[in-house]
Amino acid sequence: MAVANKAIEKKIIEESLHDLAEKLSAIRDKNFFTSLIKNLIEMLDIDIAFVGNLSEGKTEVIKTLAVFEKGKLLDNFEYFLAGTPCENVVGKKLCSYPHNVRKIFPKSTLLKEMNIESYIGTPLFDSKDKPLGLLGILHRKPLKEDVLVESILRIFA
C-alpha cells in the first residue's frame with residue numbers, strides 16, 4: 001500500500017511540475033513571481049503564497065515581491081524577521097510547521113492577523129550562496145501533504 005501511495009504522489013508531483021513549468025516558461029517579466037505563487041496556490045490548494053527578499057541594507061527585514069491569496073494579489077509589505085517562522089528560514093534551511101504555527105510563534109502579528117495555522121518556507125540564495133530571501137506558503141488549516149509541498153518549494157527555490 002505504501003509503495004502505491006508513493007507512486008501516486010510521484011505522479012502527482014511530476015504532472016503538477018510539468019503544468020507549472022509550461023505556464024511559467026512563457027513569462028519573462030516582473031509578473032514571474034506573481035504567476036509562480038498564484039500557480040503554487042492553485043496546484044497545492046493552499047491559502048497564501050509569497051516571495052520576499054531581504055530589504056536592501058537591512059538583514060532583519062523582508063520585503064515581499066509578490067503575495068497572493070486565493071483569488072487575489074495582495075499589496076507588498078515589509079516585516080521584521082524576528083519572532084516569525086521566516087527567521088528560521090532566511091539564509092538557513094527549509095522550515096515546516098504543518099500545524100500550530102501561531103502557538104509556536106506567538107509574537108508574530110502577521111500570523112495572528114491572517115489566522116494562519118501552518119507554514120512552510122524555503123530560503124533563496126544567489127549563485128554565490130548569499131541569502132536573498134525566501135519562498136513561503138501559509139495555510140489556515142493544518143497541512144496534510146507537507147512533504148509534497150516541501151518537495152515542490154525546494155524545486156522552485
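**Exercise 1. Identify the residues that line the largest pocket of this predicted model, and sort them by class.**

Step 1. In this predicted model, the lining of the largest pocket consists of Leu44, Asp45, Ile46, His139, Lys141, Pro142, Leu143, Lys144, Glu145, Leu148 and Val149.

Step 2. Sorted by class, this lining has six nonpolar residues, one polar residue and four charged residues. His139 falls in the polar class, since the charged class takes Asp, Glu, Lys and Arg.

Step 3. The volume of the largest pocket is about 210 Å³.

**Exercise 2. Describe the second largest pocket by volume, lining and class.**

Step 1. The volume here is about 160 Å³.

Step 2. The lining is made up of Phe32, Phe33, Leu36, Val51, Leu124, Leu135, Phe156 and Ala157.

Step 3. Helix α2, residues 32-44, contributes the most to the lining of the second largest pocket, with three residues.

Step 4. The class count for the second largest pocket is eight nonpolar, no polar and no charged residues. For the largest pocket, the count includes four charged residues.

**Exercise 3. Find the enclosed space in the model and state which elements line it.**

Step 1. Count the cavities. With a cut-off of 30 Å³ or more, there is one cavity.

Step 2. Give its volume, which is about 150 Å³ for the largest cavity.

Step 3. List the residues closest to the centre. The lining of the largest cavity has 14 residues, and the closest to the centre are Phe50, Tyr79, Cys86, Leu110 and Leu138.

Step 4. Assign the lining to elements. At least two lining residues come from each of β1 (48-55) and α4 (109-114). Helix α4 gives the most, with three residues.

Step 5. Sort by class. The lining of the largest cavity has twelve nonpolar and two polar residues, and no charged residues.

**Exercise 4. Work out how strand β1 is placed and which strands it pairs with.**

Step 1. Check burial, for which the cut-off is under 20% relative accessible area. Seven of the eight residues of β1 are buried, so β1 is largely enclosed by the rest of the structure.

Step 2. Take the pairing with β2, residues 58-69. The two strands are antiparallel and share eight bridges. In this pairing, Ile48 is opposite Glu69 of β2.

Step 3. Look at the turn. The hairpin of β1 and β2 has two residues between the strands, and Gly57 has a positive phi near 80 degrees.

Step 4. Take the pairing with β7, residues 131-139. This pair is also antiparallel, with six bridges. Phe50 is opposite Gly136 of β7. Phe50 is also among the residues closest to the centre of the largest cavity.

**Exercise 5. Decide whether Cys86 and Cys95 are bonded or free, and buried or exposed.**

Step 1. Search the whole structure for disulfides; the result is zero.

Step 2. Check the distance. The cysteine sulfur nearest to Cys86 is that of Cys95, 9.4 Å away, and Cys86 is in no disulfide. A disulfide needs the two sulfur atoms within 2.5 Å, so a separation of 9.4 Å does not qualify. Cys95 is likewise in no disulfide, and its nearest cysteine sulfur is that of Cys86.

Step 3. Check exposure. Cys86 has a relative accessible area of 4% and is buried. Cys95 is buried too, at 8% relative accessibility.

**Exercise 6. Place Gly91 and Asn100 in the chain and find what each lies across from.**

Step 1. Locate Gly91, which sits in the loop between β4 (78-80) and β5 (95-97). Gly91 is partly exposed, because its relative accessibility is 33%.

Step 2. Find its partners. Leaving out residues up to four places away in sequence, Gly91 touches Pro123, Phe125 and Pro131. The C-alpha atom of Gly91 is 7.5 Å from that of Leu132, which is 41 residues away along the chain.

Step 3. Repeat for Asn100, found in the loop between β5 and α3 (101-104). With 30% relative accessibility, Asn100 is partly exposed. Its C-alpha atom is 9.2 Å from that of Lys141, 41 residues away along the chain. Lys141 is one of the residues lining the largest pocket.

**Exercise 7. Summarise the chain as a whole.**

Step 1. Count the elements: five helices and seven strands. Their order along the sequence is α-α-β-β-β-β-β-α-α-β-β-α.

Step 2. Give the buried share, which is 43% of the 157 residues.

Step 3. Give the long-range share. Of the contacts with a separation of 6 or more, 48% are between residues 24 or more positions apart.

Methods:
Residues are numbered from 1 along each chain as its sequence is written. This is a predicted model: local features need pLDDT of at least 70, side-chain atom pairs count only at pLDDT 80 or more; totals for chains, interfaces and linings use all residues. Side-chain values use heavy atoms; hydrogens and water are left out. On a 1 Å grid over the protein atoms alone, a cavity is a set of points where a 1.4 Å probe fits but cannot get out, and a pocket is an open set with protein on both sides within 12 Å along at least five of seven lines; lining residues have an atom within 4 Å of a point. Grid points are joined across faces, edges and corners, and a volume is the space filled by probe spheres set on the points. Helices (H or I, at least four residues) and strands (E, at least two) are DSSP runs, numbered from the N terminus. Buried means under 20% relative accessible area, exposed over 50%, partly exposed in between (1.4 Å probe, protein chains only). Two strands pair if DSSP finds at least two bridges between them. Contact means heavy atoms within 4.5 Å.
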